[in-house]
Amino acid sequence: METQAKITKTEKRRVYLDNAATTCVSDTAFEAMKPFLRGSFGNPSALYAEAREARAAVERAREEIASLIGAAPHEVYFTSCGTESDNWAIKGSMRAQAKAKGRKGRFVTSTFEHPAVLNSARALAGEGFDVAYANVTDGGMVDEASFAQALGNGADLASIMLANNEVGTIQPIARLGEIAHGAGARFHCDAVQAFAHIPVNVDDLGVDYLSVSGHKFHAPKGVGFLYVREGAPLEPFMNGGHQEGAMRGGTENVAGIVAMAAAAREACENMASDAARIAALRDELEQRILAEIANTCVNGTAPRVPGTLNVSFAGIDSASLVELLDERGVCAAGGSACSSHEGEPSHVLVAMGLPSERTQSALRFSLSSETTQDDINYTVDVLKACSEQLQPFALLDLSSF
């Protein structure tokens, strides 16, 4: 218990390891947005000089984002977040195709997508659309045979995430896109956990729609974008003025858009070096947890984005562990930030077929370019102390762990 004695509630240090939920705004993004909060605050839809300056900044940002994903600027639409982008792509595509074809078609996704996708699927089902789900493997990959079966011969749209938000596994989007297109379906990809962390090129991936959220790569909250391949069917997100090609009315979030482009450019320029360093720290954290804390295992064995690690601590309730870590200065997550207050086991781990002993004791650690070696060392010490403290209350039947 010596480790536990060293780590107390009065410890002032904070280690943030929940970057998959959100990231801090980088200095580059903050400096880029500042002029458009005070000085250059004009409405980009007006005609005077301040407005023209704001409009020019928005269009420069659109060109920057487009260049980073291999798209044309007119194929990039600015949104408020990844959830909006997912909803718009899925519902907007399905409804547009239904109008054009005179029937409500089929939407296909997987069982461990983000709630933005899964709840969009439920909404479509409520409107009378046919919805089918592909299974996933226990290693955290979409089962390709199940995906092909769900598509059948008449699907209109499929949606698969590039990187899972809880276990970090990277899906073979190019192959899945070929399968979807071969079945006559358009293909959407939720790239929220992947963009700016691994290379994302819309032509290489073969996607028709792609969703991104700025606050996952050190841009502010409240801004994202949706890529729509030219000619892909899509209804307007909301009615209003002429903004975003008359597809999304409402005055643009100029400061957020400019900051997102700056953060994206910086992250993509530093991607190779940052990814190698972050992955090395993630791997060290993983190896030390497995070696130094009994009855632990990693969830998601396929290749992962550099910063994500999901670990189960046998017999220990994840919510209790999150709270105890927080008291000692470490921020981690029991699952997706969008569902962490529901009190239910992770739907991702359940979809992977993992036993309840693992789904109820899982924590996600997600690192960023700001994570240091000292952060990893401190986190391991705190984890050892917390697991020792909770172990007397743990369920000891680990036969299915």
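The second largest pocket in this predicted model is lined by 30 residues. Those nearest its centre are His-197, His-218, Ile-278, Ser-368 and Ser-369, so if you want to find the spot on screen, start with those names. The space inside comes to about 480 Å³.

What kinds of residues make up the lining of the second largest pocket, by class? There are 14 polar residues, eleven nonpolar ones and five charged ones. Two helices, α10 (254–269) and α11 (271–292), each supply at least two residues of that lining. Of the elements involved, α11 gives the most, with four residues.

Helix α11 turns up again in the next part of the picture. It lies across β9, β10 and β12, and it runs at about 10° to β10. Helix α12 (residues 318–327) packs on this sheet too, where it touches β10 and β12. The direction of α12 makes about 45° with that of β12.

Now for the sheet under those helices. It is an open sheet of three strands in the order β9-β10-β12, and the pairing is antiparallel. Why do β9 and β12 each have a side without a neighbour in the sheet? Both β9 (296–298) and β12 (362–366) stand at the edges with a single partner strand each, so one side of each is left free of a neighbour in the sheet. On average, neighbouring strands here are turned by 30° against each other, direction ignored. Strand β9 is joined to β10 (residues 308–313) by three bridges, and Thr-296 stands opposite Phe-313 in β10.

There is another open sheet, this one with seven strands. Its order is β2-β8-β7-β6-β5-β3-β4, and the pairing is mixed. The edge strands are β2 (76–79) and β4, each with a single partner strand, so each has one side without a neighbour in the sheet. Neighbouring strands in the seven-stranded sheet are turned by 20° against each other on average, direction ignored. At the β2 edge, four bridges join β2 to β8 (residues 224–228), and the two run antiparallel. One pair to look for is Val-76, whose bridge partner in β8 is Tyr-227.

This sheet has helices packed on it as well. Helix α4 (residues 82–101) lies across β2, β3, β5 (155–159), β6 (186–190), β7 (209–213) and β8, running at about 175° to β5. Helix α7 (residues 173–182) touches β5 and β6, and its direction makes about 155° with that of β6.

Here are the helix and strand angles side by side:

| Helix | Strand | Angle |
|---|---|---|
| α11 | β10 | about 10° |
| α12 | β12 | about 45° |
| α4 | β5 | about 175° |
| α7 | β6 | about 155° |

Last come the charged pairs. Side chains of opposite charge can pair when their charged atoms come close. The structure holds 24 salt bridges. One of them is formed by the side chains of Asp-130 and Arg-106, at 2.6 Å from N to O. Asp-130 lies in strand β4 (residues 130–134) and Arg-106 in strand β3 (residues 106–110), so this pair ties together parts that are 24 residues apart in sequence.

Key:
Residues are numbered from 1 along each chain as its sequence is written. This is a predicted model: local features need pLDDT of at least 70, side-chain atom pairs count only at pLDDT 80 or more; totals for chains, interfaces and linings use all residues. Side-chain values use heavy atoms; hydrogens and water are left out. On a 1 Å grid over the protein atoms alone, a cavity is a set of points where a 1.4 Å probe fits but cannot get out, and a pocket is an open set with protein on both sides within 12 Å along at least five of seven lines; lining residues have an atom within 4 Å of a point. Grid points are joined across faces, edges and corners, and a volume is the space filled by probe spheres set on the points. Ala, Val, Leu, Ile, Met, Phe, Trp, Tyr, Cys and Pro count as nonpolar, Asp, Glu, Lys and Arg as charged, and the others, Gly among them, as polar. Two strands pair if DSSP finds at least two bridges between them. Axes are lines fitted to C-alpha atoms, for helices over the stretch in contact, and angles run from 0 to 180 degrees between N-to-C directions. Contact means heavy atoms within 4.5 Å. A salt bridge is a side-chain nitrogen of Lys or Arg within 4 Å of a carboxyl oxygen of Asp or Glu.
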